[in-house]
Amino acid sequence: MDMDDADRYRAPALDKGLDILELLASVEDGLTQAEISKRLDRSPNEFYRMLDRLVRRGYVTKLEGDRFALTLKLFGLSQLHAPTRRLASFATPLMRDLAQKTRQANHLAVFDRGYAVVIAQQEAPDYWGISIRVGSHVNLFDTGSGHVLLAFRDAEERELMISEHVRSKDDPRLTPDFYERLDHIRERGYEMMASAQTAGVYNLSAPIMGPDGRGIAALTCPYIALVNAPSAPDITRTITHLQKTAEQLSLLVGSDVNVAP
């Protein structure tokens with residue numbers, strides 16, 4: 001395509017929005033509108049409406065000091081593209097094996113735009129089991145998957161993830177105890193918590209770690225005690241099986257699946 005053709009198909013508004021996104025992706029602490037216009041060598045007035053739309057659509061957030069920074073929305077969109085499908089494909093045989101060993105269902109979730117999204121699911125091999133549909137969006141604050149996805153990110157990423165989930169920094173769930181729990185999960189290596197949705201169920205969740213040491217997914221087993229299956233592993237042995245499967249999947253991610261940004 002020559003220059004005449006390039007000019008013919010230009011989309012100035014789209015170019016302006018992409019320029020902003022690419023610039024903000026290159027800085028850590030955000031930029032003011034004046035700083036953006038200076039770096040892009042344009043008038044500040046040119047960016048007012050574009051920044052407003054990017055904020056309203058969730059791609060950019062406004063920080064203290066009138067600074068603008070990227071949210072994790074682009075990351076969330078990328079998670080649902082081909083890399084995530086490959087992750088689910090690699091996970092399927094391991095999740096099937098985990099279900100056979102534990103006699104429990106399990107599912108795999110990634111972070112997307114403020115929620116943990118289930119991208120793969122394996123039914124329990126026997127009559128009873130708790131399963132969650134692929135595509136389900138689950139809460140970050142009261143689920144094992146959500147806790148693990150938050151626990152195995154650094155403090156800055158964690159706050160961005162939380163900011164996409166809550167409407168206010170004063171949300172009553174953001175207590176010191178909640179952050180201490182996330183730190184404890186990281187130290188212990190997994191989450192074990194009573195389900196906030198279903199009585200008698202314990203959410204057992206372990207992280208899938210990327211090559212850079214960041215948690216990129218959560219493998220969760222909604223554990224129920226099986227009174228009609230005395231040979232089924234108890235909750236302690238189930239946690240061991242869960243962690244081993246998560247470690248195996250993390251190794252596959254590190255060597256073959258590029259899902260981390």
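Biologist: How do the residues lining the second largest pocket divide into nonpolar, polar and charged?

Modeller: In this predicted model, that lining has 5 nonpolar residues, 9 polar and no charged. The lining comprises 14 residues, and those nearest the pocket centre are I132, T143, S195, Q197 and N203. Two elements, α7 (144-151) and β9 (215-223), each give two or more residues to the lining. The volume of the second largest pocket is about 210 Å³.

Biologist: In what order do the strands of the open sheet run, and in which sense do they pair?

Modeller: Strands of a sheet pair through backbone hydrogen bonds, and the pairing may be parallel or antiparallel. Here 6 strands make an open sheet with antiparallel pairing, in the order β6-β5-β4-β9-β8-β7. At the edges are β6 (137-138) and β7 (191-194), each paired on one side only. β8 (residues 202-209) is joined to β9 by 8 bridges, in the antiparallel sense. I208 has A217 of β9 as its bridge partner.

Biologist: Which strands does α7 lie across?

Modeller: α7 lies across β4 (106-112), β5 (115-122), β7, β8 and β9, and runs at about 155 degrees to β9.

Biologist: How many cavities of 30 Å³ or more does a search of the whole structure find?

Modeller: The search finds 1, with a volume of about 30 Å³. Its lining consists of D97, K101, H241, K244, T245 and Q248. Both α6 (82-102) and α10 (235-255) give two or more residues to this lining, and α10 has the largest share, 4 residues.

Biologist: And how do the residues of that lining divide?

Modeller: Into no nonpolar, 3 polar and 3 charged.

Terms used
Residues numbered from 1 in each chain as written. Predicted model: local features only at pLDDT ≥ 70, side-chain atom pairs only at ≥ 80, totals over all residues. Heavy atoms only, no water. 1 Å grid on protein atoms, 1.4 Å probe; cavity = no way out; pocket = protein on both sides within 12 Å on 5 of 7 lines; lining within 4 Å. Points joined across faces, edges and corners; volume = space filled by probe spheres on them. Nonpolar A, V, L, I, M, F, W, Y, C, P; charged D, E, K, R; others polar. Pairing = 2+ DSSP bridges. Contact = heavy atoms within 4.5 Å. Axes fitted to C-alpha atoms, helices over the stretch in contact; angles between N-to-C directions.
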